[in-house]
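Biologist: I have a model open on my screen and would like to learn how to read it. Could you walk me through its features?

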Amino acid sequence: MASQVLVALALSLVGGFSTSLGALLVILSGAPNLKMLGLLQGFAAGLMLSISFLDLAHNAINSIGFLKGNLWFFAGVILFAFVTHFVPEPTLAPGSDINRKKDEDDGGKDVMKKHRRQVLFSGIITAIGISLHNFPEGMAVFLGSIKGLRVGLNLALAIALHNIPEGVAVALPVYFATQSKWQAFKLATLSGFAEPLGVIIVAYLFPSSLSPEILEGLLGSVGGVMAFLTLHEMLPLAFDYAGPKHAVKVVFLGMACMSASLYFLEMSLPKDLSL
């Protein structure tokens, strides 16, 4: 169990630090390329959909039956819908709007300071919201790692790609408000650490050994969580930033890549790790 926790922690750190990568994009380029972020979101959405329906939900139904598998899956959907209802994930404001506001004469330094405080506050709220979203993602990586390295690795990859735009969403307003690259990078990185924190907490809450039926059911719920996250948050952003035609193409590209990775990992990993 200890080795599984360490593997899950390492995988969640990859996802957590990907928010730092998003912050670096802001620091190095100022305003991010929203179309590229949209394509990235679409690709990650394809990865997520493939994992959710073709791997996690599929395995749960095969292992514990159609009814129980669906009940666990939709329990995950309802759970994450409840979370997003009370903690909606903030959207990324277009960089051009922020840069325009930065250059505008707002009528004096006092007005500009007030505007910067408002933007900084929005950045802090964004960081809190993303942290709350990253926490269950860490739990998902932990449960996937218990199932096997293949599942944990694929979940961590998809979540890491999803977290890059989240890092941009945190760093962009903070950098504008404080003019500090370090503050923007620090806050975005801290918001990503909620993911490994989720691994640590759930590792102590769950018993050292779970029955196969409960584990498959929980992974089915993880599939529901990932499916809701994809359809509710990732796909709309991909459509807004990259356009529907490009977004749909990269979604199917992501699904194809994940299906290929599922096959090759299944063939290459030892059976005790890939089950």
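Modeller: Gladly! Keep in mind that this is a predicted model. A good way in is to set a record's annotation beside the computed geometry. Take residues 155–178: the span is 100% helix and 0% strand, and its end C-alpha atoms lie 34 Å apart.

Biologist: What does the record call that stretch, and which other residues does the annotation cover?

Modeller: The unreviewed UniProt entry annotates residues 155–178 as "transmembrane region", along with 38–57, 69–87, 119–143, 184–206, 218–235 and 247–265. Such annotations may be inferred rather than shown by experiment. For residues 38–57, the model gives 100% helix and 0% strand, with 26 Å between the end C-alpha atoms.

Biologist: Next, pockets. What is the volume of the largest pocket?

Modeller: About 240 Å³. To place the pocket, look for the residues closest to its centre: Leu79, Met139, Leu143, Val222 and Val225, out of 14 that line it. Then ask which elements they belong to. Those giving two or more residues to the lining are α3 (66–86), α5 (109–147) and α9 (212–242). Helix α3 provides the largest share, five residues.

Biologist: How many residues of each class are in that lining?

Modeller: There are 12 nonpolar and two polar residues, and no charged ones.

Biologist: And on the surface, which residues make a nonpolar patch?

Modeller: Phe17, Leu190 and Phe193 make one of about 290 Å². To find the patch on your screen, start at helix α7 (residues 181–192), where Leu190 is found.

Terms used: Residues are numbered from 1 along each chain as its sequence is written. This is a predicted model: local features need pLDDT of at least 70, side-chain atom pairs count only at pLDDT 80 or more; totals for chains, interfaces and linings use all residues. Side-chain values use heavy atoms; hydrogens and water are left out. Helices (H or I, at least four residues) and strands (E, at least two) are DSSP runs, numbered from the N terminus. On a 1 Å grid over the protein atoms alone, a cavity is a set of points where a 1.4 Å probe fits but cannot get out, and a pocket is an open set with protein on both sides within 12 Å along at least five of seven lines; lining residues have an atom within 4 Å of a point. Grid points are joined across faces, edges and corners, and a volume is the space filled by probe spheres set on the points. Ala, Val, Leu, Ile, Met, Phe, Trp, Tyr, Cys and Pro count as nonpolar, Asp, Glu, Lys and Arg as charged, and the others, Gly among them, as polar. Patches are made of residues with over 30% relative accessible area and no salt bridge: like charges are joined within 9 Å, nonpolar side chains (Val, Leu, Ile, Met, Phe, Trp, Tyr) within 5 Å. Accessible areas come from the Shrake-Rupley method with a 1.4 Å probe; for residues, only the protein chains shown count as cover. A salt bridge is a side-chain nitrogen of Lys or Arg within 4 Å of a carboxyl oxygen of Asp or Glu.
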